[in-house]
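Visitor: I have a structure to go through and no idea where to begin. Can you take me through it?
Guide: Yes, let's put it up and go part by part.

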Amino acid sequence: MTLTPLVYWAQRHEEIYLRVELTDAQVSSTHLLSCWQPLGRGAKGQHNYEFSLEFLLPVKTEVSHKSTQRQVNITVRKQQRGWWERLTVLERKPVFLVPDFDRWLDESDAEMEIQEKTVRHTEEGFISLKTSFLLVYNLVQFLGFSWIFVNMTVRLFIFGQDSLYDTFHTISDVMFFCQTLASVEVLNAAFGVVRTGVIPTLIQVVGRNFVLFIIFGSLEEMHHRPVVFFVFYLWSAIEIFRYPFYILGCFNTEWKTLTWLRYSVWIPLYPLGVLAEAVAVVQSIPIFDQTKLYSISLPKAIGTSINFSYVLHVYLVLMFLGLFINFQHLYKQRKRRFRTKKRKAQ
């Protein structure tokens, strides 16, 4: 006596799903346009079962199947994309064929499923592109600031105090590159590429670039000042911990020691860095007064000019205001980070 298993079915626009209720089935082939004869345990026990289906429209010959201890899952691909009104040529469906309500969707729901998958794949592609971009950016910055820090440290040990006076000529090219590239961080924050505040990022990037390009870059008299060494060394000492932390974040991982350093080293180094920047600004004021660089000449009727040193005095006030804003921002980040880690540990 021929036994027929219970077969559940569902469809999508491009595929047909069949689920055959057989336990421990042994499947030799899946030529579904002909008779299919698996050996397995069904409602009548261990027997050879068979069924055949003549589909409503042509299907591809490649049929995939996967046997589990409880059932056989079969996937058949349609020759042409579309929605079938029924599965078989005969309007009256076979008695062994029933809808698989676990996978059943009507045509509109299936279209929505396709749209959701498309959106999800697009988002995943964007995330992957964003992660790759951030990985490359943080790696380049880490290598740049690491070169600066190591180079300055080695020169300090070899040449001693003499290395303090030629820092600008040996390091400035790489520092110009790294700090120009750091402008990208403002755009990343503004466009939501990274989740951080725009204002604190803008304060740091603009503040550093002002000192680097205006104070150090414009005045040759500042190139041999020891303050250049301290500014560059403090900047790089912070960044050699910050950027590798971001690199590990691209891989959704972290190193606890590095995390602690990233959220703790800035506490002494950031105020010292701002203090060194302030010293550089103060030292540059007499030079700007003497050279009249960037000063604005007013009409002779007024008989005076606006010296750039006035701008520097205002900038000194804004510099310490920015220190207060960024210190609060960084402290909140640190507090939030370690409070979250404590909750996870509990």
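Guide: We will go through the annotated spans, then the pockets, then a surface patch.

Guide: One thing to keep in mind is that this is a predicted model.

Visitor: OK. Which residues does UniProt list for "transmembrane region"?
Guide: The UniProt entry, which is unreviewed, gives residues 134-154, 201-219, 231-251, 263-288 and 308-331.

Visitor: Take residues 134-154. Helix or strand?
Guide: In the model that span is 100% helix and 0% strand. Its end C-alpha atoms lie 30 Å apart.

Visitor: And residues 308-331, how far apart are the end C-alpha atoms there?
Guide: They are 34 Å apart, and this span is also 100% helix with 0% strand.

Visitor: New topic, pockets. How much space is in the largest pocket?
Guide: About 1500 Å³. It is lined by 44 residues, and V194, R195, F245, Y246 and Y263 are the closest to its centre.

Visitor: Which elements give two or more residues to that lining?
Guide: They are helix 1 (107-159), helix 3 (183-190), helix 4 (198-216), helix 5 (226-250), helix 6 (256-262), helix 7 (266-291) and helix 8 (308-345).

Visitor: Long list. Which helix gives the most?
Guide: Helix 8, with nine residues in the lining of the largest pocket.

Visitor: How do the residues of that lining divide into nonpolar, polar and charged?
Guide: There are 19 nonpolar, 14 polar and 11 charged residues in the lining of the largest pocket.

Visitor: What volume does the second largest pocket have?
Guide: About 340 Å³. Of its 19 lining residues, I203, Q204, G207, Y315 and M319 are the closest to the centre.

Visitor: Which elements give two or more residues this time?
Guide: For the second largest pocket, these are helix 4, helix 5, helix 7 and helix 8. Helix 4 gives the most, with six residues.

Visitor: And the classes in the lining of the second largest pocket?
Guide: That lining has 13 nonpolar, four polar and two charged residues.

Visitor: Let's go to the outside. Which residues make the nonpolar surface patch?
Guide: I199, V314, L318, L321, F324 and I325 make it, and the patch covers about 560 Å².

Visitor: Which helix does the largest share of the nonpolar patch come from?
Guide: Helix 8, which supplies five residues of the patch. V314 is a patch residue that lies in helix 8.

Visitor: So helix 8 has come up before?
Guide: Yes, helix 8 also gives the most to the lining of the largest pocket, and helix 8 is among the elements lining the second largest pocket.

How values were computed. Residues numbered from 1 in each chain as written. Predicted model: local features only at pLDDT ≥ 70, side-chain atom pairs only at ≥ 80, totals over all residues. Heavy atoms only, no water. UniProt positions renumbered as here; feature names shortened; annotations may be inferred. Helix = DSSP H or I, 4+ residues; strand = E, 2+ residues; numbered from the N terminus. 1 Å grid on protein atoms, 1.4 Å probe; cavity = no way out; pocket = protein on both sides within 12 Å on 5 of 7 lines; lining within 4 Å. Points joined across faces, edges and corners; volume = space filled by probe spheres on them. Nonpolar A, V, L, I, M, F, W, Y, C, P; charged D, E, K, R; others polar. Patch = residues over 30% accessible without salt bridge, like charges linked within 9 Å, V, L, I, M, F, W, Y side chains within 5 Å. Areas by Shrake-Rupley, 256 points an atom, 1.4 Å probe, with all protein chains shown as cover. Salt bridge = Lys/Arg side-chain N within 4 Å of Asp/Glu carboxyl O.
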